[in-house]
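Here is a friendly walk through one protein model, from its overall make-up to a few chosen residues. Please have a look at the sequence and the structure first.

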Amino acid sequence: MLAYPSSIDLSSRTLRVLSALAPSLAEAMRTIRAKAFVVVQAYGAGVLSLETAVAMLMDAGYPIKDAAEEVARIRHSAQRESRVRVEEAAAARGGGRDGQPQEAAAGSGAEAAGQETGLNPGKRARTASQASPPMSLA
């Protein structure tokens, strides 16, 4: 007659086999970090929505309990950081009380010279390079 091991013996053997096949904690963390890097880069590039990025991070193993709460927290944090950057930029330019640069509030500077204002830095650089002819090295 064949003797079968008890269920305790079978489960301990199963656990040993499964634990030998499972990745170590360090390997699992490397995998999670790699997945998170890809998700964050895709979100930053505008390929993924914030909701999708958070869901993918949860699937990758990040300890996010509530996706909607995490999305709201991230949006709130981004808005706060944006306000701080705007205030710092206004202060660096010597902004007036309403956040306008003092020279623009006084009607002088770029507006008085007839130049466009309110352009993003990249467009401002293109506009300036188009206005002046390129320098030749000859």
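## Surface and overall make-up

The protein has an accessible surface of about 11,400 Å², and carbon and sulfur atoms account for 59% of that area. Please keep in mind that this is a predicted model. Its secondary structure consists of 6 helices and 0 strands, giving the pattern α-α-α-α-α-α along the sequence. Of the 138 residues, 12% count as buried. Among contacts with a separation of 6 or more, 19% join residues 24 or more positions apart.

## A closer look at helix H2

Let us turn to H2, which covers residues 25-44. At 1.5 Å a residue, its 20 residues should span 28 Å, and the end C-alpha atoms are indeed 28 Å apart, so expectation and model agree.

Which residues of H2 are buried? They are Ile32, Ala36, Val39 and Ala42. Viewed down the axis of H2, these buried residues fall within an arc of 125°, which means that they line one face of the helix. Their packing partner is helix H3 (50-60). The other side of H2 carries exposed residues, namely Arg30, Arg33, Phe37, Val38 and Gly44. Just after H2 comes Gly46, with a positive phi of about 85°.

## Two residues between the extremes and the open

Gln41 is also part of H2. Is Gln41 buried, partly exposed or exposed? Its relative accessibility is 45%, and because the partly exposed class lies between 20% and 50%, Gln41 belongs there. From Gln41 to Ala53 there are 12 residues in sequence, while the C-alpha atoms of the two are 9.8 Å apart in space.

Val17, for its part, sits in helix H1 (residues 7-21). With a relative accessible area of 51%, Val17 counts as exposed, because the cut-off for that class is over 50%. The two residues can be set side by side:

| Residue | Helix | Relative accessible area | Class |
|---|---|---|---|
| Gln41 | H2 | 45% | partly exposed |
| Val17 | H1 | 51% | exposed |

Val17 is also one of the residues of a nonpolar surface patch. Together with Leu18 and Leu21, Val17 makes a patch of about 330 Å².

## To sum up

In short, this predicted model is built from 6 helices and 0 strands. In H2, the buried residues pack against H3, whereas Arg30 and Phe37 are among the residues exposed on the other side of H2. Val17, Leu18 and Leu21 form a nonpolar patch on the surface.

Conventions:
Residues numbered from 1 in each chain as written. Predicted model: local features only at pLDDT ≥ 70, side-chain atom pairs only at ≥ 80, totals over all residues. Heavy atoms only, no water. Helix = DSSP H or I, 4+ residues; strand = E, 2+ residues; numbered from the N terminus. Buried < 20%, exposed > 50% of the residue type's maximum accessible area, 1.4 Å probe, protein only. Contact = heavy atoms within 4.5 Å. Areas by Shrake-Rupley, 256 points an atom, 1.4 Å probe, with all protein chains shown as cover. Expected span 1.5 Å × (residues − 1). Arc of directions from axis to C-beta. Patch = residues over 30% accessible without salt bridge, like charges linked within 9 Å, V, L, I, M, F, W, Y side chains within 5 Å. Salt bridge = Lys/Arg side-chain N within 4 Å of Asp/Glu carboxyl O.
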